[in-house]
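Me: Please take one pair of strands in this predicted model and look closely at it, then follow the chain outward from there. I would like a connected account that pays attention to burial, contacts and charged side chains.

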Amino acid sequence: MANPRPQPDLSTPADITRLSRDELQELQLERLRWSVQHAYDNVPLYRHKFDDARVSPDHIRSLDDVQKLPFTTKEDLRETYPFGMFAVPMDEVRRVHASSGTTGHPTVVGYTEGDLDRWADAVARSLEAAGIRAGMKVHNAYGYGLFTGGLGAHTGIEKLGATVIPVSGGQTARQVQLIRDFEPDAILCTPSYLLTIAEAMEAAGIDPAATSLTTAVLGAEPWTNEMRDEIERRMRINALDIYGLSEVVGPGVASESVATKDGPHIWEDFFLPEVIDGDTGEPLPDGETGELVFTALTKEAFPVIRYRTRDLTRLLPGTAYPAVRRMEKVTGRNDDMIILRGVNLFPTQIEELVLGMEALAPHFVLELTRKGRMDALTARIERKSSLDLATCQAAALVLQQRMKDHIGARIEVKLEEPGTLPRSEGKYQRVYDLR
């Protein structure tokens, strides 16, 4: 496989704390030109896409020129299943991960030894931003296996110099026991699963606010600042957002700083972000909300050019790390949007309102049904076990009116008994389409 453009130095991550914005952009352009050439030379799909669009790697003379290149979608990855997107021979691939494949072929990604090293650097930087330090004990409750979360977080914890406790997901009672016995400083999992763990602690007579945990690094699903407040209040910890997706690398694309808690900073020496209009594909300026797009700048086995994530956010100036940009906390995806009688809404909008109700538990699911010719949405929500039924019923009526006022659609609220709805042991399924 040819690659005439010299490979830039990818071995050492940039010092984001010292780099100026201009210096970072110089590094990005060098790595972008290499990555585009590498993809064009070694991945047939990219060669065909570029040729069809009448662009070539030589057209990349500035960072803005990335907008001349075609997008990559999840469908492209599925059409080239399993290894058609790989840009190196299989004997150079050291690890393979894949999505669940619940809606078709899984999306398969690969990593060289260098890719794994750089991924570990990105995760280590993310954990350090969240306040985790060398020598701390970290309880890793992300799932291990083909999902990138468990092993991706694992190697980053080790790279940081912390001690990893590789628990994986599930077996919630065992999670509680190990947190009590091993006394970790930090936990990594999905936000919904951390609430499940907190609930299991309370059921076992353990105060979730009295454990050794001081930090939670949470990702793999959209979650609101209201859920952050609930977790921090209930467990007396700092809850930080880590962002990533397997098609780009896995966890560690961006992470919040414990100093600011104002959205994940994107590690732009590894990943070039854009935000586009999801309908037209046109780029949007920083500060405007749209669909997040990523180009990987350093990946050898699986180069990714302008991957459409479907996540909705906006790009903002860096705060804790001024050289890089932040992304606003992702609270929805293009494909998560529910259209109810002409009103567009996201599950996180309902989550925000539910978590503002003291008499209702933070456990709810949404059921879409059809009544005659009209779609209907029911929010099934558990009541607080510590309160009487009448108080919770009154709160459910208040919530139903608030959803009407804030979202603009009538959503029926159905009160459920404590402990009756499913609990998360990983990514939580919030919406059930029963139409």
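Reply: A convenient place to start is Ile 276, whose bridge partner in E11 is Glu 291. The pairing to which these residues belong is antiparallel, with six bridges joining E10 to E11. Strand E10, which covers residues 271–276, is mostly covered, since six of its six residues are buried according to the cut-off of under 20% relative accessible area. Phe 271, Pro 273 and Val 275 point one way from E10, whereas Leu 272, Glu 274 and Ile 276 point the other way, and the residues of both sets are buried.

Between the two strands comes a loop, and Pro 283 has its place in this loop between E10 and E11. Unlike the buried residues of E10, Pro 283 counts as partly exposed, because its relative accessibility is 33%. Apart from its neighbours within four places in sequence, Pro 283 is in contact with Gln 67, Val 275 and Ile 276, so that the residue with which we began appears again, given that a contact means heavy atoms within 4.5 Å. Pro 283 and Val 293 are ten residues apart in sequence, and their C-alpha atoms are 9.6 Å apart in space.

Continuing along the chain, we come to Lys 299, in the loop between strand E11 (290–296) and strand E12 (307–313). Lys 299 is buried and yet has no salt bridge, the nearest side chain of opposite charge being that of Asp 115, 6.6 Å away. This absence follows from the cut-off, because a salt bridge requires a side-chain nitrogen of Lys or Arg within 4 Å of a carboxyl oxygen of Asp or Glu. The side chain of Lys 299 does, however, reach the backbone oxygen of Val 248 at 2.9 Å, and one of its polar atoms lies 3.4 Å from the backbone oxygen of Phe 302. Leaving aside neighbours within four places in sequence, the residues in contact with Lys 299 include Trp 34, His 38, Asp 115 and Glu 247.

Glu 247, in turn, leads to another part of the chain, for its side chain meets that of Lys 74 in a salt bridge with an N to O distance of 2.5 Å. This pair links distant parts of the chain, with Lys 74 in helix H3 and Glu 247 in the loop between E7 and strand E8 (250–255), 173 residues apart. Glu 247 is buried, because its relative accessible area is 5%, while Lys 74, at 23% relative accessibility, counts as partly exposed.

Helix H3 (74–79) is also one of the elements against which the buried residues of H2 pack, the other being helix H1 (21–42). In H2, residues 44–53, the buried residues are Leu 45, Tyr 46 and Phe 50. Seen down the axis of H2, these buried residues fall within an arc of 125 degrees, so they line one face of the helix. The face of H2 turned away from that buried side carries the exposed residues His 48 and Asp 52, and H2 is followed by Arg 54, whose phi is positive, near 60 degrees.

Returning to strand E12, its residue Asp 311 counts as buried, because its relative accessibility is 5%. The side chains of Arg 333 and Asp 311 meet in a salt bridge, 3.0 Å from N to O. Here the pair joins Arg 333, in the loop between strand E14 (326–327) and strand E15 (338–340), to Asp 311 in strand E12, 22 residues apart. The whole structure holds 31 salt bridges, and Arg 21, Glu 268, Asp 286 and Arg 325 are linked in a network of such bridges.

Technical notes: Residues numbered from 1 in each chain as written. Predicted model: local features only at pLDDT ≥ 70, side-chain atom pairs only at ≥ 80, totals over all residues. Heavy atoms only, no water. Helix = DSSP H or I, 4+ residues; strand = E, 2+ residues; numbered from the N terminus. Buried < 20%, exposed > 50% of the residue type's maximum accessible area, 1.4 Å probe, protein only. Lys, Arg positive; Asp, Glu negative; His and termini not counted. Polar contact = N/O pair within 3.5 Å; in protein donor to acceptor, adjacent residues only side chain to side chain. Arc of directions from axis to C-beta. Pairing = 2+ DSSP bridges.
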